[in-house]
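Trainee: Please pick one part of this model and take me through it slowly, with its surroundings. I'd like the cut-offs spelled out as we go.

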Amino acid sequence: MDQGIGVMKVAVSDAVRADFPRLQLWVSWVAVPPGKKSSPALREHLADVDDRVKGFAVGSLRLDPVASAYRAFARQIGLDPDADRNPLERLAVERLTVGRLASGGPLADAMTVSMLETGIPLWAIDSEQTNGWLRVDADERGTLVIADDKRSLVPLLATPGTDLAPAIHRRSPSTALVYALQVGKVPTPAVEEAFWHLSAAVADRSHVR
C-alpha cells in the first residue's frame, strides 16, 4: 500500500519471532514540518476527532478487539497494561483528565489523529539518533526492545526517551521514524490505515510558525 511517506515492514529477530510469530514492526520515514504549531487544517481535524471521542475512556478500550490485542501482548511480555500504558491509552487518560485533546505540534497531532481514527498505537524516534534499520530484538537481559544496527533504543511498547524524541526545527523539516507494532490478531489493513491517516495529516502544508 503506497502511503507516500515510505512505510514498510522491517525485521524481527529470529529469537523473538520464535516466541511471537505474528509480531511485525512497521516503520515510516516522516518529514516533520518546521515550527511548533500545527496547521489550521490539522488543528481543525484534531478538534473534530476530539468531538467524536467525547466520553472516550480507558475502560472502553477493553471492549475493542484491536486495543485488547495490545493489552494481551503487553501481558505476554511481562508488562501491566494498566501501569505501562501505550500511547493510545495515555491519550484516553489525558482526554478524561483534561477534558480535551491539546495540540502538541504537527507530528504529535498527526499521530494523535491516526491513533484515534484507527486504534493503532504509534511511536516516533528522531531519525538522526538511529544507525541503520530498526528492528525488534532482545537485549542482554532478554527484554524485548526496538533496536538499530548498533544499540538497543527503547523497550518494546515504551515511550522513547527525550534523547530520541523527534527534533523540531524552526525553518527546515526534520525526519522522524514513526513505528507501529502489529500484534496478535490485529489485521494488516488496520496498520496500513493508521499510516494512511498519518500521511494525510502530515501532508498539510499551511503550518503556522
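Mentor: Let's start with contact, which means heavy atoms within 4.5 Å. Helices (H or I, at least four residues) and strands (E, at least two) are DSSP runs, numbered from the N terminus. This is a predicted model, so to speak of a local feature we need pLDDT of at least 70, and side-chain atom pairs count only at pLDDT 80 or more, while totals for chains, interfaces and linings use all residues. Residues are numbered from 1 along each chain as its sequence is written, and side-chain values use heavy atoms, with hydrogens and water left out.

First, the setting. The protein chain has 7 helices and 7 strands, in the order β-α-β-α-α-α-α-α-β-β-β-β-β-α along the sequence. Of its 209 residues, 49% are buried, where buried means under 20% relative accessible area, exposed over 50%, and partly exposed in between (1.4 Å probe, protein chains only). Among contacts between residues at least 6 apart in sequence, 70% join residues at least 24 apart.

The part I'd pick is α6 (106–118). With 13 residues at 1.5 Å each, α6 should span 18 Å, and its end C-alpha atoms are indeed 18 Å apart; the expected span is 1.5 Å times one less than the number of residues. The helix is largely enclosed by the rest of the structure, because 11 of its 13 residues are buried. Among those buried residues are Pro 106, Leu 107, Met 111, Met 115 and Leu 116, but also Asp 109, Thr 112, Ser 114 and Thr 118. What do the buried residues of α6 pack against? Their partners are β2, α2, α5, β3, β7 and α7. Just after the helix comes Gly 119, with a positive phi near 80°.

Two of those partners deserve a stop. In β3, Trp 123 and Ile 125 point one way, Ala 124 and Asp 126 the other, and all are buried. β3 pairs with β7 in the antiparallel sense over 4 bridges; two strands pair if DSSP finds at least two bridges between them. Ala 124, for one, has Val 178 of β7 as its bridge partner. Then there's α7 (residues 188–202), 15 residues with end C-alpha atoms 21 Å apart, in agreement with the expected 21 Å. Its buried residues include Ala 190, Phe 195, His 197 and Leu 198, and α6 is among the elements that cover the buried residues of α7, together with β1, β2, α2 and β7.

α6 also meets empty space. On a 1 Å grid over the protein atoms alone, a pocket is an open set of points with protein on both sides within 12 Å along at least five of seven lines (a cavity is a set where a 1.4 Å probe fits but cannot get out), and lining residues have an atom within 4 Å of a point. The largest pocket holds about 600 Å³, taken as the space filled by probe spheres set on the points, which are joined across faces, edges and corners. Its lining has 28 residues, with Arg 90, Ala 108, Met 111, Thr 112 and Met 115 nearest the centre. α5 (87–98), α6 and β3 (123–126) each give two or more residues to that lining, and α6 supplies the largest share, 7 residues. The lining divides into 18 nonpolar, 7 polar and 3 charged residues, counting Ala, Val, Leu, Ile, Met, Phe, Trp, Tyr, Cys and Pro as nonpolar, Asp, Glu, Lys and Arg as charged, and the others, Gly among them, as polar.
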